[in-house]
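Q: I would be grateful for a close look at one part of the model shown below, followed by an account of the parts of the fold that lie beyond it. Please give the cut-offs behind each term.

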Amino acid sequence: MSTMDDRGGGSFVAVRRISQGLDRGGNTCHSTSAEVVAGSAAWLGRGLSCVCAQRRESDPRPSFDLTPVQEECLIRLQSRIDVSYDSSVPEHQEALRALWSAAFPEEELCGLISEQWKEMGWQGKDPSTDFRGGGFISLENLLFFARSFPKSFQDLLRKQEGERSVWEYPFAVAGVNITFMLIQMLDLEAVKPRTLVGATFLKFLAENESAFDLIYCITFKLMDHQWLSMRASYMDFNTVMKATRRQLEKELLLEDVTRLEDLPSYGLLSR
């Protein structure tokens, strides 16, 4: 089953993981029994102020002019988005190994294809099959999260906060879905943003080139916060995402938010 259907539409997979005598401190390979349930996914958005909007007769949505700096930053971000994950590329292999090391520093990885990956919330033993929805940038997002906010990353990975559901969202697959949804909701594949969400996000991006990675971390933590608040299970994933989107939109519209660190949900993150 795929995480995203080749970057169009999408499906989300929830799993209930059942440990089979796993020794997290050892270096031996281990396996995990996983029950998998598929559902649909949807979500995120609202951005930060921008310049003039132009409405075309053929398109009911306005388009927003960009400053030269915003345009340059958007092009650089789009170049990241366009990179597909390629398991034959050494840089991609090293990034995947680095993600494992950041997630489980006490455990040696047996290989890039291993049953161990299921413990991170990948659908199978080969994570590369799950990257179709988000591309290489979805791996970069996870790695940024692990390195910038290690405590929050570990809390979400190991489901250490709150009263958890028997049927939980799989951490890694959820991360790929969040990347995909952010790209869609921020309209990042358009030449110019056609929504206020996309246009206002580019203001933050022009001021901080890590803005996409940062809003990813905020969104992931906010989603889990909503998940716990709603006492959600896998059937509720769409509802949780919609609630997350509404909250994020509300926060980004606040007058005193001039950078992503001003968002109230930024306070949920811990280093």
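Which residue has its side chain joined to that of D130 by a polar contact, and what is the distance?

A: The side chain of D130 is joined to that of Q123 by a polar contact of 2.7 Å. A polar contact is a pair of N or O atoms within 3.5 Å; within protein, one atom must be able to donate a hydrogen and the other to accept it, and residues adjacent in sequence count only if both atoms are side-chain atoms. The model is predicted, and local features require pLDDT of at least 70, side-chain atom pairs count only at pLDDT 80 or more, and totals for chains, interfaces and linings use all residues. Residues are numbered from 1 along each chain as its sequence is written, and side-chain values use heavy atoms, with hydrogens and water left out.

D130 lies in the loop between helix 2 (90–103) and helix 3 (136–148). Its relative accessible area is 1%, so D130 is buried (buried is under 20% relative accessible area, exposed over 50% and partly exposed in between, with a 1.4 Å probe and protein chains only).

The wider setting is as follows. The protein has eight helices and four strands, and from the N terminus on its elements run β-β-β-β-α-α-α-α-α-α-α-α. Helices (H or I, at least four residues) and strands (E, at least two) are DSSP runs, numbered from the N terminus. Of the 271 residues, 51% count as buried. Among contacts with a separation of 6 or more, residues 24 or more positions apart account for 69%, where contact means heavy atoms within 4.5 Å.

Helix 3, on the far side of the D130 loop, holds E140. With a relative accessible area of 25%, E140 is partly exposed. Leaving aside residues up to four places away in sequence, E140 touches R80 and D213. The side chains of E140 and R80 make a polar contact of 3.2 Å. E140 also lies 9.4 Å from H92, C-alpha to C-alpha, although 48 residues separate the two in sequence.

A similar long-range pairing involves helix 5, where I183 is placed. I183 and I81 are 102 residues apart in sequence, yet their C-alpha atoms are 8.2 Å apart in space. At a relative accessible area of 2%, I183 is buried.

Helix 4 (residues 150–157) packs with helix 7 (residues 211–229) at an angle of about 40 degrees, with the axes 11 Å apart. Helix 4 is therefore oblique to helix 7. Axes are lines fitted to C-alpha atoms, for helices over the stretch in contact, and angles run from 0 to 180 degrees between N-to-C directions; those under 35 degrees count as roughly parallel, over 145 as roughly antiparallel, 65 to 115 as roughly perpendicular and the rest as oblique. The crossing of these two helices is left-handed (the near helix is turned anticlockwise from the far one by less than a right angle; clockwise is right-handed). From helix 4, S152, D155 and L156 meet F220, K221 and D224 of helix 7. By class, this contact has two nonpolar, one polar and three charged residues. Ala, Val, Leu, Ile, Met, Phe, Trp, Tyr, Cys and Pro count as nonpolar, Asp, Glu, Lys and Arg as charged, and the others, Gly among them, as polar.

Helix 4 is mostly covered, with six of its eight residues buried, namely S152, F153, Q154, D155, L156 and L157.

Helix 7 also meets helix 8 (residues 237–252): their axes come within 9 Å and cross at roughly 120 degrees. This angle makes helix 7 oblique to helix 8. The crossing is right-handed. Helix 7 contributes I218, T219, L222, M223, Q226 and W227 to the contact, and helix 8 contributes F237, V240, M241, A243, T244, Q247 and L248. These residues divide into nine nonpolar, four polar and no charged.

Two loop residues close the account. Most residues other than glycine have a negative phi. K159, which is not a glycine, has a positive phi of about 50 degrees, and so has R231. K159 is found in the loop between helix 4 and helix 5 (171–185), and R231 in the loop between helix 7 and helix 8. K159 counts as buried because its relative accessibility is 12%, whereas R231 is exposed at 71%.
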